[in-house]
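Got your viewer open and a selection tool ready? Let's take a walk through this one, stop by stop.

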Amino acid sequence: MKNMLPNLPIGAALTLALLLSACGKQEAVGDVPSSEELAKQADAASEAIRQEAAEGDGATAEVDLTSMESYANALRGYTIMVPSGWTVDKSASDDNGQVYTETASGTKLAVSWVENREDAAWSKAVQAIEDGNDAMEGAPVGKNEYRASGILTNGLKSSQRLLRKPDGTMVQAEITYAADQSKSTDALAATILDSLTLK
């Protein structure tokens, strides 16, 4: 019986074989979560924080967590809980983070990702907190976390938390509010900063 296949040069046969082997093959794309998945992740983070608060005691127990919602920054890999009545300052917010304000009291939350090349930003942020005001007291909490609080010269109280991610980048959150409102706001500020979670 005669061979029914045409005689092809080796280069053409190889090209044809490669084309045929690629048919039906799909290249893997990075795992990009859908908006629904991101919403589920934010809800899960909120629920985990609420559960932890229900089981524990202290400042978080004083705060109504049902009135809070999660801000999840999928691009930069972190979440934080924010009271649902606070408004976003769009002019001060970007892909790296957001600034929120509670209109009645003027309380402000700023949370943002920082590139932190060779730990320069981490060192600078820590130094700025420590050198910025004698009343600010801060301390490292392990190798990749730093917390500080104190009364600023303008009469505002500042509470800050820095977290360093495994890739060296940094997330910084700061809450400022009138020092004379400390009694009513300290627990909320602590709860918000405690909820900052890296993904």
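## Start with the sheet

Switch to a cartoon view and find the open sheet: seven strands, in the order 3-4-5-9-8-7-6, with antiparallel pairing. Now go to the edges, where you'll find strand 3 (87-88) and strand 6 (137-140). Each of these has a single partner strand, so one side of each is left without a neighbour in the sheet. Keep in mind as you go that this is a predicted model.

Next, select residues 107-114 and 170-178. These are strand 5 and strand 9, which run antiparallel and are joined by seven bridges. Which residue in strand 9 is the bridge partner of Trp-113? Val-171 is the one to click. Remember Trp-113, as we'll come back to its ring later.

Add helix 4 to the view. This helix packs on the sheet, touching strand 5, strand 7 (145-151), strand 8 and strand 9. Look along helix 4 and strand 9 together: their directions make an angle of about 170 degrees.

## Salt bridges

Time to show side chains. How many salt bridges does the structure hold? There are six, and we'll visit some of them.

Stay with helix 4 and select Asp-186, along with Lys-157. They form a salt bridge, with the closest N and O atoms 3.2 Å apart. The pair links distant parts of the chain: Asp-186 belongs to helix 4 (residues 182-194), Lys-157 belongs to strand 8 (residues 156-164), and they are 29 residues apart. Turn on a surface and the two partners fare differently: Asp-186 is partly exposed, at 29% relative accessible area, while Lys-157 is buried, at 15%.

There's also a network to pick out. Select Glu-145, Arg-147, Arg-161 and Asp-194, which are joined into one network by salt bridges that share partners. Zoom in on Glu-145 and Arg-147, whose side chains meet at 2.9 Å, N to O. Is Glu-145 buried or exposed? With a relative accessible area of 13%, Glu-145 is buried; Arg-147, at 27%, counts as partly exposed.

For one more, select Arg-117 and Glu-115. Their side chains meet in a salt bridge at 2.8 Å, N to O. Here Arg-117 is exposed, with 62% relative accessible area, and Glu-115 counts as partly exposed at 41%.

## Two backbone curiosities

While you're here, select Asn-116. You'll find this residue in the loop between strand 5 and helix 3 (120-132). Its phi is near 60 degrees, a positive value in a residue other than glycine. Asn-116 is also buried, with a relative accessible area of 5%.

Now try Glu-118, in the loop between strand 5 and helix 3. Glu-118 isn't a glycine either, yet its phi is positive, at about 50 degrees. Is Glu-118 buried or exposed? Exposed, with a relative accessible area of 82%.

## The tyrosine cluster

Clear your selection and pick Tyr-71, Tyr-78 and Tyr-100. Ring pairs link these three into a cluster. A search of the whole structure finds two aromatic pairs, so let's take them in turn.

Tyr-71 and Tyr-78 form an edge-to-face pair, 6.0 Å centre to centre, with 75 degrees between the planes. Both rings belong to buried residues: Tyr-71 has 11% relative accessibility and Tyr-78 has 1%.

Swing round to Tyr-71 and Tyr-100. Their centres are 6.2 Å apart and their planes stand at 65 degrees, so this pair is edge-to-face too. Tyr-71 lies in strand 1 (residues 68-73) and Tyr-100 in strand 4 (residues 97-102), so the pair ties together parts that are 29 residues apart in sequence. Tyr-100 counts as buried as well, at 6% relative accessibility.

## Last stop: charges over rings

Back to Trp-113, as promised. Show Arg-76 alongside: this arginine lies over the face of Trp-113, at 3.8 Å from the ring centre.

Then finish with Arg-164 and Trp-122. Which part of Arg-164 sits over the ring of Trp-122? Its charged end does, 4.3 Å from the centre of the ring.

Conventions:
Residues are numbered from 1 along each chain as its sequence is written. This is a predicted model: local features need pLDDT of at least 70, side-chain atom pairs count only at pLDDT 80 or more; totals for chains, interfaces and linings use all residues. Side-chain values use heavy atoms; hydrogens and water are left out. A salt bridge is a side-chain nitrogen of Lys or Arg within 4 Å of a carboxyl oxygen of Asp or Glu. Buried means under 20% relative accessible area, exposed over 50%, partly exposed in between (1.4 Å probe, protein chains only). Helices (H or I, at least four residues) and strands (E, at least two) are DSSP runs, numbered from the N terminus. Two strands pair if DSSP finds at least two bridges between them. Contact means heavy atoms within 4.5 Å. Axes are lines fitted to C-alpha atoms, for helices over the stretch in contact, and angles run from 0 to 180 degrees between N-to-C directions. Rings of Phe, Tyr and Trp (its six-membered ring) pair if their centres lie within 6.5 Å; planes under 30 degrees apart count as stacked, over 60 as edge-to-face and the rest as tilted. A charge sits over a ring if NZ of Lys or CZ of Arg is within 6 Å of the ring centre and within 35 degrees of the ring normal.
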